[in-house]
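This briefing introduces the structure shown below to someone who has not seen it before. It covers salt bridges first and then turns to a single residue and its surroundings.

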Amino acid sequence: TSSIGSMALRFATTILPITAFGAALTQAFTSGREAELTLVKLDASLTATGNTVGKTSQQLVEMADALAEGTRFDNTGILQAMQILLTFDNVQGDVFESAIRHAQNLSEKFGMDLSSAARLLGRALQEPGDGLLALSGRIGTLNPELVKNIQNLNDQGRAAEAQAEIIKLLDGRMKDFAVTVGESAPASFKR
């Protein structure tokens with residue numbers, strides 16, 4: 001029986017670490033492939049939209065890296081959310097970055113996945129009428145006067161001003177929520 005125990009011990013100390021290493025290697029390979037595919041899709045999205053966002057793929061990657069700092073989101077998830085947001089051609093420049101930041105806030109605060117949060121914000125910024133109604137379902141009742149003002153700005157062709165009002169509203173309701181949670185949550189709570 002001592003030789004059986006000895007064999008079991010050798011098995012546990014030899015085979016199990018190899019198995020664990022193999023699983024870790026498979027996970028790393030899968031994560032690397034997912035990240036690579038995300039970059040390919042990001043480039044394709046930029047091309048398909050005629051780069052209306054006004055940023056290069058490299059700039060978006062750098063933005064995703066910066067937005068991942070201090071939050072529970074990884075840059076691959078942020079880049080995937082950016083792909084969704086790129087489908088909204090009126091969301092450009094600084095508004096694009098604010099929208100991704102607020103998608104993180106929405107996702108963190110309301111338990112949504114990041115891509116769904118980006119879609120919700122993209123719609124609100126693209127089509128303030130219906131989009132704000134959908135957004136209010138998440139963030140709570142909106143001041144009817146503010147909603148009317150935003151819709152009027154958009155109807156008058158002043159989309160940038162309408163978007164600025166929406167971002168200002170989100171800043172007031174959720175400013176840096178994802179960063180606050182990310183900086184205070186233990187590392188084991190990373191997404």
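With which residue does Glu127 form a salt bridge? The partner is Arg123, and the closest N and O atoms of the two are 3.9 Å apart. The model is a predicted one, and the count of salt bridges in it comes to 4. Three of these pairs, together with Gln126, are described here.

**Glu127 and Arg123**

- Glu127 has a relative accessibility of 39%, so it counts as partly exposed, between the limits of 20% and 50%.
- Arg123 is also partly exposed, because its relative accessible area is 34%.

**Arg72 and Glu108**

- A salt bridge joins Arg72 to Glu108, with 2.7 Å between the closest N and O atoms.
- This pair links distant parts of the chain, as the two residues are 36 residues apart.
- Arg72 sits in the loop between helix H2 (57-68) and helix H3 (75-85), whereas Glu108 belongs to helix H4 (residues 93-110).
- Arg72 counts as buried because its relative accessibility, 15%, is under 20%.
- Glu108 has a relative accessibility of 11%, and therefore counts as buried by the same cut-off of 20%.

**Arg101 and Asp171**

- Arg101 forms a salt bridge with Asp171, and their closest N and O atoms are 3.6 Å apart.
- Arg101 lies in helix H4 and Asp171 in helix H8 (residues 159-174), so the salt bridge ties together parts that are 70 residues apart in sequence.
- Arg101 has a relative accessible area of 21%, which means that it is partly exposed, since buried requires a value under 20%.
- Asp171, at 24% relative accessibility, likewise counts as partly exposed.

**Gln126 and its surroundings**

- Gln126 is located in helix H5, which covers residues 114-126.
- With a relative accessible area of 18%, Gln126 falls under the 20% limit and is therefore buried.
- The side chains of Gln126 and Asp89 are joined by a polar contact of 2.7 Å.
- Apart from neighbours within four places in sequence, Gln126 is in contact with Phe88, Asp89, Asn90 and Val91.
- Asp89 thus appears both in the polar contact and in the list of residues that Gln126 is in contact with.

Conventions: Residues numbered from 1 in each chain as written. Predicted model: local features only at pLDDT ≥ 70, side-chain atom pairs only at ≥ 80, totals over all residues. Heavy atoms only, no water. Helix = DSSP H or I, 4+ residues; strand = E, 2+ residues; numbered from the N terminus. Buried < 20%, exposed > 50% of the residue type's maximum accessible area, 1.4 Å probe, protein only. Polar contact = N/O pair within 3.5 Å; in protein donor to acceptor, adjacent residues only side chain to side chain. Contact = heavy atoms within 4.5 Å. Salt bridge = Lys/Arg side-chain N within 4 Å of Asp/Glu carboxyl O.
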